[in-house]
Amino acid sequence: MDQDMLRGMMDEVKAFFAGESSGHDYAHTLRVYRLATRIAEREGADLDVVRLAALLHDVDDVKLSPATHAGKDHAVALMRAHGVAEATIRTVCALIEEVSFAGDDTVAPASIEGQCVQDADRLDAIGAIGIARAFAYGGHHNRAIHDPDERPNLHMTRDEYRRHVSTSVNHFYEKLFRLKDLMNTQTAREIAAHRDRFMHEYIDEFLLEWDGER
Ligand code: ADP
Ligand code: NI
């Protein structure tokens with residue numbers, strides 16, 4: 001794909017996310033784009049499709065933009081404006097639909113391209129970046145960082161997961177520590193293993209400090 005076309009779309013996605021602080025921002029999109037590219041190169045996936053889907057995976061997010069979620073209106077408009085072929089637009093939209101994690105109802109994408117983007121999106125929720133995002137999200141939504149009396153809820157459906165209110169530390173048990181076992185590709189499994197170890201070390205340390213033992 002034409003590099004100028006990609007760069008033009010990146011600038012528009014950046015403008016689209018200006019002022020967004022909920023964790024779905026341009027910086028997240030850019031990290032997913034880079035990671036998805038790295039995974040796709042190792043896995044031999046179609047780089048154009050992976051890059052477009054990574055770049056546009058959150059512009060019609062159901063929480064940020066419920067009205068355009070079903071039709072992927074923002075993604076379609078952006079791709080059309082930059083002359084992406086209609087067949088590619090359809091492929092990219094189908095990939096985007098498949099990538100979002102939602103409780104026990106999650107699906108694994110059928111194509112290797114969808115798998116790369118889903119893995120990249122999930123990897124950005126774990127490790128050092130994931131820790132920062134979890135506490136930023138918790139602060140944004142007025143959640144407590146930790147409450148030992150509130151037990152994590154390990155089995156939620158898509159709707160329960162969306163409505164669920166919990167502490168930021170519980171979010172590690174309810175979602176983040178489970179992500180490494182949900183990676184589709186071998187490349188992402190290797191990256192996830194490293195990030196997951198780091199996150200466990202961090203939470204172990206956190207809980208010891210909480211109890212005054214460190
Ligand atoms: P996505 O839709 O990309 O799967 P989410 O909207 O679920 O992502 O989450 C965006 C970011 O906020 C992620 O890093 C996620 O771990 C974090 N996050 C989501 N829900 C919570 C929560 N209840 N507590 C703390 N962090 C959360
Ligand atoms: Ni995302």
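A polar contact is a pair of N or O atoms within 3.5 Å. Keep that cut-off in mind for the first stop. The model on your screen is predicted.

**Stop 1: ligand 1**

Select ligand 1 and K63. A polar side-chain atom of K63 lies 2.6 Å from an oxygen atom of the ligand. Next, pick R143. One of its polar side-chain atoms is 3.1 Å from a nitrogen atom of ligand 1. Now add A134. Here the backbone takes part: a polar backbone atom of A134 lies 3.4 Å from a nitrogen atom of ligand 1.

How much of ligand 1 does the protein bury? Taken alone, the ligand exposes 550 Å², and the protein buries 92% of that.

Now show the whole shell. Select H24, D61, K63, D121, R133, A134, Y137, R143, Y161, H171, K175 and L176, the residues around ligand 1. Colour them by type. You should find 4 nonpolar, 2 polar and 6 charged residues. Which helix gives the most to this shell? It is α8, with 3 residues.

**Stop 2: the aromatic rings**

Stay with helix α8, which covers residues 127-140. Select F135 there, then Y202 in helix α11, residues 186-210. A search of the whole structure finds 8 aromatic pairs. F135 and Y202 make an edge-to-face pair, because their ring centres are 6.3 Å apart and their planes stand at 65°. The two residues are 67 residues apart in sequence, so their pair ties together distant parts of the chain. Y202 has 31% relative accessibility, so this residue counts as partly exposed.

Keep F135 and add F206. These ring centres are 6.4 Å apart and the planes are at 20°, so this pair is stacked. Again α8 is linked to α11, this time across 71 residues. Are F135 and F206 buried or exposed? Both are buried.

Widen the selection to F135, F172, Y173, F177, Y202, F206 and W210. Together they form one aromatic cluster.

**Stop 3: two cysteines**

Select C93 and C116. A disulfide is a covalent bond between the sulfur atoms of two cysteines. How many disulfides does the structure hold? The count is 0. C93 is in none, and the nearest cysteine sulfur, that of C116, is 18 Å away. Why is there no bond from C116? Its closest cysteine sulfur is in C93, and 18 Å is too far. C93 is buried, with a relative accessible area of 14%. C116 is buried too, at 0%.

**Stop 4: a residue in helix α6**

Go to helix α6, residues 86-98, and click A87. At 46% relative accessibility, A87 counts as partly exposed. Then draw a line from its C-alpha atom to that of L52. The two atoms are separated by 13 Å, and the residues are 35 apart along the chain.

**Stop 5: two loop residues**

Finish with the backbone. Select K72, in the loop between α4 (66-69) and α5 (73-81). K72 has a positive phi of about 50°, although it is not a glycine. Its relative accessible area is 4%, so K72 is buried.

Now jump to N142, in the loop between α8 and α9 (158-163). N142 also has a positive phi, about 55°, and is not a glycine. Is N142 buried or exposed? At 74% relative accessibility, N142 counts as exposed.

Definitions and conventions:
Residues are numbered from 1 along each chain as its sequence is written. Chains are lettered from A and ligands numbered from 1 in the order in which they are written. This is a predicted model: local features need pLDDT of at least 70, side-chain atom pairs count only at pLDDT 80 or more; totals for chains, interfaces and linings use all residues. Side-chain values use heavy atoms; hydrogens and water are left out. Rings of Phe, Tyr and Trp (its six-membered ring) pair if their centres lie within 6.5 Å; planes under 30 degrees apart count as stacked, over 60 as edge-to-face and the rest as tilted. Helices (H or I, at least four residues) and strands (E, at least two) are DSSP runs, numbered from the N terminus. Buried means under 20% relative accessible area, exposed over 50%, partly exposed in between (1.4 Å probe, protein chains only). A residue is near a molecule or strand if one of its heavy atoms lies within 4 Å of it. A polar contact is a pair of N or O atoms within 3.5 Å; within protein, one must be able to donate a hydrogen and the other to accept it, and residues adjacent in sequence count only if both atoms are side-chain atoms. Accessible areas come from the Shrake-Rupley method with a 1.4 Å probe; for residues, only the protein chains shown count as cover. Ala, Val, Leu, Ile, Met, Phe, Trp, Tyr, Cys and Pro count as nonpolar, Asp, Glu, Lys and Arg as charged, and the others, Gly among them, as polar. A disulfide is a pair of cysteine sulfur atoms within 2.5 Å.
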